[in-house]
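Dear colleague,

I am handing over the structure we spoke about, and I would be grateful if you could look through it with the notes below beside you. They deal with the surroundings of the ligands.

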Amino acid sequence: MSSALITGITGQDGPYLAKLLLEKGYRVHGLTPRRSSDNLWRLRELGIENDVDFVNGDLADAGSVQRAVASVKPDEFYNLGAQSFVAASWDQPVLTGVVDGIAVTHCLEAIRQFSPKTRFYQASTSEMFGLIQAEKQDEKTPFYPRSPYAVAKLYGHWITVNYRESFGLHASSGILFNHESPLRGLEFVTRKVTDAVARIKLGRQKELRLGNIDAKRDWGFAGDYVEAMWLMLQQDEADDYVIATGVTTTVRDMCRIAFGHLGLKMEDHLVIDPKFFRPAEVEVLLGNPAKAKARLGWEAKTSLEQLIRNMVDADMKRVSKETSC
Ligand code: NAP
Ligand code: GDD
């Protein structure tokens, strides 16, 4: 039986990846930091809460990462844990730097010392392209990070490449463009929108306040993207891959899809609020996933329209179940 250790198993991507691996017959371990309140709702929604072996540990605590790797000696290690909200990275730049940057070295060092055959996946990001240097971004496009989050992730990306080249570790970096799902956190723009649209439809909310709706993103479905993570670790050689749909859409048009799905007019409810503008913006992202298609046989299966409709439907169900007061 193959085994995997996943950090960030309680986030959006972790449960989709865990489910995929469990279906493939893996034993799945999840590194979880101590939290004061229950955060297993996503694993519960996918019905796998009791199928994961939890290991206590925090990415910022090198010793705990070492103990996890030394005791599990996983075949595959997926590092998905992060402070992943870009806007919050200006409020907590040092913490973001430690967890999203330095802690990647904690993982790689633990593997190097205690389990060098473990294959490693690093959750890199299209945010590293930031102020884009090419119309369509691929593995060769120069990076230009625009937030403390992206700067930290860039460190994580290069230290992964460096440990591959220095020590021969099977360490791959997935440069994933935005991916969403009904399990997305409420602070991210797609889910903020789909939740608000459901609340407006059900009379629980009147307006939706957003920042820069001219920003463009290449949005895919998280369920499709975790498959690419797994595929990367099945290759003979470790490498870096852009994972994207190849289509970009404004926040405004994504919003229109969500309102339209429930027969609402966006213009009747949308308010632009300066509070949600960022100190430095990534105006547009558009990925070229040709290498992933050629080498991994991977391509996105879910359109943005399908994705947003699914998210709105999921939020309609959730909000309908809430007791109104
Ligand atoms: P997410 O929903 O924000 O989940 C982040 C996870 O990291 C949570 O399980 C969180 O645990 C955990 N975590 C935070 N601090 C930690 C620490 N100090 N030690 C251990 N775990 C910690 O993120 P996601 O959307 O699933 O994204 C997964 C990864 O892919 C992240 O690294 C993100 O930066 C990267 N990424 C995401 C996207 C995207 O569009 N979703 C695109 C490119 C790259 P708690 O639940 O306890 O807080
Ligand atoms: N969150 C949010 N809230 N974003 C808003 C809002 C708002 O009210 N109004 C406009 N936006 C714009 C942001 O300024 C940004 O340009 C865009 O919507 C997307 O914002 P997010 O959904 O927060 O995602 P992100 O692109 O900043 O970051 C996500 O994708 C990255 C990959 O490119 C995160 O998942 C990162 O962790 C990930 O690396």
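How many residues surround ligand 1, and which of them are the closest? In this predicted model, the count is 26, with Thr10, Arg35, Asp58, Ser84 and Tyr149 as the closest.

Two of these residues also appear among the polar pairs: a polar side-chain atom of Arg35 is placed 2.8 Å from an oxygen atom of ligand 1, while Asp58 brings a polar side-chain atom to 2.7 Å from a nitrogen atom of that ligand. Lys153 likewise has a polar side-chain atom 2.8 Å from an oxygen atom of ligand 1. Of the 910 Å² that ligand 1 exposes when taken alone, the protein buries 88%. Strand S5 (119–125) and helix H5 (148–167) are the elements that give two or more residues to this shell, and S5 gives the most, with three residues. By class, the shell around ligand 1 is made up of 10 nonpolar, 11 polar and five charged residues.

Turning to ligand 2, there are 24 residues around this ligand, and those that come nearest are Ser84, Thr125, Ser126, Tyr149 and Arg278. You will notice that Ser84 and Tyr149 are named for both ligands, being listed among the closest residues to ligand 1 and among the nearest to ligand 2.

Arg278 has an N or O atom in its side chain 2.6 Å from an oxygen atom of ligand 2, and Arg184 places a polar side-chain atom 2.8 Å from an oxygen atom of the ligand. For Glu187, by contrast, the contact involves the backbone, with an N or O atom there lying 2.9 Å from a nitrogen atom of ligand 2. On its own ligand 2 has 710 Å² of accessible area, of which the protein covers 96%. Here the elements that give two or more residues to the shell are helix H6 (189–201) and strand S8 (208–210).

The shell around ligand 2 contains 10 nonpolar, six polar and eight charged residues. As for where these residues come from, at least three are drawn from domain 1 (3–179 + 219–243) and at least three from domain 2 (186–217 + 247–286 + 301–324).

When you open the model, I would suggest starting from Ser84 and Tyr149, since these names occur in the lists for ligand 1 and for ligand 2.

With best wishes

Definitions and conventions. Residues are numbered from 1 along each chain as its sequence is written. Chains are lettered from A and ligands numbered from 1 in the order in which they are written. This is a predicted model: local features need pLDDT of at least 70, side-chain atom pairs count only at pLDDT 80 or more; totals for chains, interfaces and linings use all residues. Side-chain values use heavy atoms; hydrogens and water are left out. A residue is near a molecule or strand if one of its heavy atoms lies within 4 Å of it. A polar contact is a pair of N or O atoms within 3.5 Å; within protein, one must be able to donate a hydrogen and the other to accept it, and residues adjacent in sequence count only if both atoms are side-chain atoms. Accessible areas come from the Shrake-Rupley method with a 1.4 Å probe; for residues, only the protein chains shown count as cover. Helices (H or I, at least four residues) and strands (E, at least two) are DSSP runs, numbered from the N terminus. Ala, Val, Leu, Ile, Met, Phe, Trp, Tyr, Cys and Pro count as nonpolar, Asp, Glu, Lys and Arg as charged, and the others, Gly among them, as polar. Domain bounds come from an automatic or database domain assignment.
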